[in-house]
Amino acid sequence: MKIGIAIDRWKLAIFSKHLSAAGYEYKGTNGVTPDTLMLYVTTKSAAELEPVVRAANTEAAKEGAPATWTKPH
């Protein structure tokens, strides 16, 4: 199955690290706004992917957006 994950563009490196370390392949496309991306992950189980996504999101929340990133108005 393919699962779509919407992320802020600045989080790509963090999500890429977590997904790759867990053995997932993904493709990224532009999101619905210029500052977002859609990652499409192929997985056997959403339940197996969930902790990987949660860990990536937790790391991104702790790190915060880089100072050079400005959210569009």
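**Definitions at work in a predicted model**

Me: Why is Glu 59 called partly exposed?
Reply: Its relative accessible area is 23%. Buried means under 20%, exposed over 50%, and partly exposed in between, with a 1.4 Å probe and protein chains only. Since 23% falls in between, Glu 59 counts as partly exposed. This is a predicted model, in which local features need pLDDT of at least 70 and side-chain atom pairs count only at pLDDT 80 or more, while totals for chains, interfaces and linings use all residues. Residues are numbered from 1 along each chain as its sequence is written, and side-chain values use heavy atoms, with hydrogens and water left out.

Me: How do you know that Lys 17 and Glu 59 form a salt bridge?
Reply: Their closest N and O atoms are 2.7 Å apart. A salt bridge requires a side-chain nitrogen of Lys or Arg within 4 Å of a carboxyl oxygen of Asp or Glu, so the pair qualifies. Lys 17 lies in helix α1 and Glu 59 in helix α2, so the bridge ties together parts that are 42 residues apart in sequence. Helices here are DSSP runs of H or I with at least four residues, strands are runs of E with at least two, and both are numbered from the N terminus.

Me: What makes Asp 8 and Lys 11 a salt bridge, and is Lys 11 buried or exposed?
Reply: The closest N and O atoms of Asp 8 and Lys 11 are 3.9 Å apart, so the pair meets the cut-off. Lys 11, in the loop between β1 and α1, has a relative accessible area of 16% and is therefore buried. Asp 8 stands at 23% and so is partly exposed. Lys 11 also touches Asn 57 and Ala 60, not counting residues up to four places away in sequence; such contact means heavy atoms within 4.5 Å.

Me: How many salt bridges are there, and what is the separation of Glu 50 and Arg 54?
Reply: A search of the whole structure finds 3. Among them is the bridge between Glu 50 and Arg 54, at 2.6 Å from N to O. These two residues are 4 residues apart in helix α2, which means that about one helical turn separates them. Arg 54, at 54% relative accessibility, counts as exposed, whereas Glu 50, at 35%, counts as partly exposed.

Me: What makes a group of residues a nonpolar core, and which residues have the most contacts inside the largest one?
Reply: A nonpolar core is a set of buried Ala, Val, Leu, Ile, Met, Phe, Trp, Tyr and Cys residues joined through side-chain atoms within 4.5 Å. The largest such core has 15 residues, and Ile 5, Leu 19 and Leu 49 have the most contacts inside it. Two or more residues come from each of β1 (2-8), α1 (12-21), β3 (36-42) and α2 (46-63), with α2 giving the most, 4 residues. In soluble globular proteins, nonpolar side chains tend to be buried together. Leaving aside neighbours within four places in sequence, the contacts of Leu 19 include Tyr 24, Leu 39 and Val 52.

Me: Why is Gly 4 called partly exposed, and where does it lie?
Reply: Gly 4 lies in strand β1. At 42% relative accessibility, it falls between the two limits and therefore counts as partly exposed. Gly 4 and Met 38 are 34 residues apart in sequence and 6.3 Å apart in space, C-alpha to C-alpha.
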